[in-house]
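Reader: I'd like to go through a model together and learn how you read its features. Where do we start?

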There are 2 protein chains.
Amino acid sequence: MNIIFIGAGNVATHLAKALHAKKQHIVQVVSRTTLSAQKLAESVGASWTTTPEEIEKADVYIYAVSDSALQEVIRRNPQKKGLHIHTAGSLPLSVFEGEMERGGVFYPLQTFSKQKPVDFAKIPLFIEANSATDRELLQNLADSLSKKVYAADSQQRQQLHLAAVFACNFTNHLFAVAEQLLNEAKLPFDVLRPLIEETVQKTTTMSPLDAQTGPAIRHDLNVMDKHIAALTAHLLWQDIYRLISESIQTRK
Amino acid sequence: MNIIFIGAGNVATHLAKALHAKKQHIVQVVSRTTLSAQKLAESVGASWTTTPEEIEKADVYIYAVSDSALQEVIRRNPQKKGLHIHTAGSLPLSVFEGEMERGGVFYPLQTFSKQKPVDFAKIPLFIEANSATDRELLQNLADSLSKKVYAADSQQRQQLHLAAVFACNFTNHLFAVAEQLLNEAKLPFDVLRPLIEETVQKTTTMSPLDAQTGPAIRHDLNVMDKHIAALTAHLLWQDIYRLISESIQTRK
């Protein structure tokens, strides 16, 4: 099976290398950036181009470009046959409609950074396709990389992406807030590490809903008032404190 | 050194047992609840009482009671000599003023649940005292339990507690939100686990401020609008989404 990668960023690089390691044939890499295209192409033994109009014929086209660029590059791809797959969490399968006959989605739920190697075996992969045949093709491709392959339609995938924003992007920001609050008190972020690890660890044995601790769930207004008063230099965080506390108290 | 524990809840139980294991003499346990007092007293070879007025003479009194009960139990304790230590994150050292000559704080930064054993060696301990002598006594007591002992005044400790609320209590709530969003899409919370682990792992090698990913930091309004639209059944979470996104965008 011949595969062409459209995109040479983090997702494309990790995914192309992982498929190459599983003896899949990556025949071409397409990227606006010459250097990225060249570098990824070399590492998987493929040719490369910076012009979508020069995309060759293949069995599978994997798009790993930014959400905003996807639609245009689909339109500019002269190869309308074959299976066209995107890797975006928040875009529906229907982005291929009117352009390609066979569309699919292959969404790896992980953050990739270029330097850091990833173990695809542990990354949950979410697949979607228009036909049973293509679903099977995607399932096989995904099974060859990961032990955690899920079928998810576009709506499930969007909800998944939203859940990931809360559980990961927003969580990371709360860590950043905590880091600055600690800096202001001349304490290192490291002091929080055991507590953070325990918080994450707990969710493996019980639902986060049941694991909730802290002043909000105890309705400890005395402590909450002190905390809100301590945030007068950070009005936005004061509002965040109030809203999350309210949400904690409404859930039970 | 003779120690009396006032309180027999989670913090008292874990701390008393840890000190007992280090050959400290726990001579009495004081708790409103007969069963708790009796149980903890037995496990550390101490006597017990439910009446603060019956508190005996000792070198150190460790208060591990709820914030709201602390002031009253200090007042009712007839023993005004010795070192009186509380274990609360958000209460100042000054709660002892006017009642006891020697006050101190011994604050372990961890959530304790009764069933689960804890390894005190890894728990950051924050100590505070009014005199150099008592500071040293507390330092020695803390050093015997943990490798991570910090001096922190009442203001630092309150800021620490606030940071912990953001990094742990609020983070746990975001996990609960994510879990419900996934439930609605008939997906298990487990699919998020690798991404959560990566989010936490990343903070060991870079500041959370630099590790930020997601639609908000990319100013991806297209995705953000879709997410906010998907939250119409959860208006409070919609507001939380908007505020945290705004905070992410303001920080950089």
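**A loop residue, two helices and an interface**

Author: Let's begin with one residue and its surroundings. Leaving aside neighbours within four places in sequence, B:Gln24 is in contact with B:Met1, B:Ile3, B:Leu19 and B:Leu141. Keep in mind that this is a predicted model.

Reader: Where is B:Gln24 found, and is B:Gln24 buried or exposed?

Author: B:Gln24 is in the loop between H1 and S2 of chain B. The cut-off for buried is under 20% relative accessible area, so B:Gln24, at 18%, counts as buried.

Reader: Now a helix. Which residues of H2(B) are buried?

Author: Start with the list, then ask how the residues are arranged around the axis. In H2(B), B:Ala37, B:Leu40, B:Ala41 and B:Val44 are buried. Looking down the axis of H2(B), you find these buried residues within an arc of 100°, so they line one face of the helix. B:Leu35, B:Lys39 and B:Glu42 are exposed on the other side of H2(B).

Reader: What covers the buried residues of H2(B)?

Author: The cover includes helix H1 (10-21), strand S2 (25-30) and strand S3 (47-49) of chain B.

Reader: Can we zoom in on one of those residues?

Author: Sure, take B:Val44, which is found in helix H2 (residues 34-44) of chain B. Its relative accessibility is 4%, so B:Val44 counts as buried. Not counting residues up to four places away in sequence, B:Val44 touches B:Ala16, B:Lys17, B:His20, B:Ile26 and B:Val29. For B:Lys17 there is also a backbone distance: the C-alpha atoms of B:Val44 and B:Lys17 are separated by 6.4 Å, with the two residues 27 apart along the chain. Just after H2(B), B:Gly45 takes a positive phi of about 65°.

Reader: How should I read a positive phi in general?

Author: Check the residue type before anything else. Most residues other than glycine have a negative phi.

Reader: Which residues other than glycine have a positive phi here?

Author: Let me give you two cases. A:Lys23 has a phi near 65°, a positive value in a residue other than glycine. A:Lys23 is in the loop between helix H1 (10-21) and strand S2 (25-30) of chain A, and A:Lys23 is exposed, with a relative accessible area of 71%. The other case is B:His219, with a positive phi of about 50° although this residue is not a glycine. B:His219 sits in the loop between H7 and H8 of chain B and is partly exposed, at 48% relative accessible area.

Reader: Let me try the face reading on another helix. What would you list for H3(B)?

Author: In helix H3 (residues 67-76) of chain B, the buried residues include B:Leu70, B:Val73 and B:Ile74. Viewed down the axis of H3(B), the buried residues fall within an arc of 105°, so they line one face of the helix. Among the elements covering them are strand S1 (2-6), strand S4 (60-63) and strand S5 (83-86) of chain B.

Reader: And a polar residue that is buried? What does B:Thr87 touch?

Author: First place B:Thr87: this residue is in the loop between S5 and strand S6 (102-108) of chain B. At 12% relative accessibility, B:Thr87 counts as buried. Then look for a polar partner: a polar atom of the B:Thr87 side chain lies 3.0 Å from the backbone oxygen of B:Tyr63. Residues up to four places away in sequence aside, B:Thr87 touches B:Val11, B:Leu15, B:Ile62, B:Tyr63, B:Ala64, B:Phe106, B:Tyr107 and B:Pro108.

Reader: Last topic, the interface. How much area do chain B and chain A bury between them?

Author: About 8300 Å², 68% of it on carbon and sulfur atoms. In chain B, B:Phe166, B:Phe170 and B:Leu195 lose the most area to chain A, together 8% of what that side buries. As for contacts, 84 residues of chain B meet 84 residues of chain A.

Reader: How many salt bridges and polar contacts go with that?

Author: The count of salt bridges between chain B and chain A is zero, whereas 28 residue pairs are in polar contact across the interface. On the side of chain B that touches chain A, the largest share, 27 residues, comes from H5(B). The residues of that side divide into 45 nonpolar, 24 polar and 15 charged.

Technical notes:
Residues are numbered from 1 along each chain as its sequence is written. Chains are lettered from A and ligands numbered from 1 in the order in which they are written. This is a predicted model: local features need pLDDT of at least 70, side-chain atom pairs count only at pLDDT 80 or more; totals for chains, interfaces and linings use all residues. Side-chain values use heavy atoms; hydrogens and water are left out. Contact means heavy atoms within 4.5 Å. Buried area is the accessible area (1.4 Å probe) that two parts lose on being put together, summed over both. A salt bridge is a side-chain nitrogen of Lys or Arg within 4 Å of a carboxyl oxygen of Asp or Glu. A polar contact is a pair of N or O atoms within 3.5 Å; within protein, one must be able to donate a hydrogen and the other to accept it, and residues adjacent in sequence count only if both atoms are side-chain atoms. Helices (H or I, at least four residues) and strands (E, at least two) are DSSP runs, numbered from the N terminus. Ala, Val, Leu, Ile, Met, Phe, Trp, Tyr, Cys and Pro count as nonpolar, Asp, Glu, Lys and Arg as charged, and the others, Gly among them, as polar. Buried means under 20% relative accessible area, exposed over 50%, partly exposed in between (1.4 Å probe, protein chains only). The arc is that of the directions from the helix axis to the C-beta atoms.
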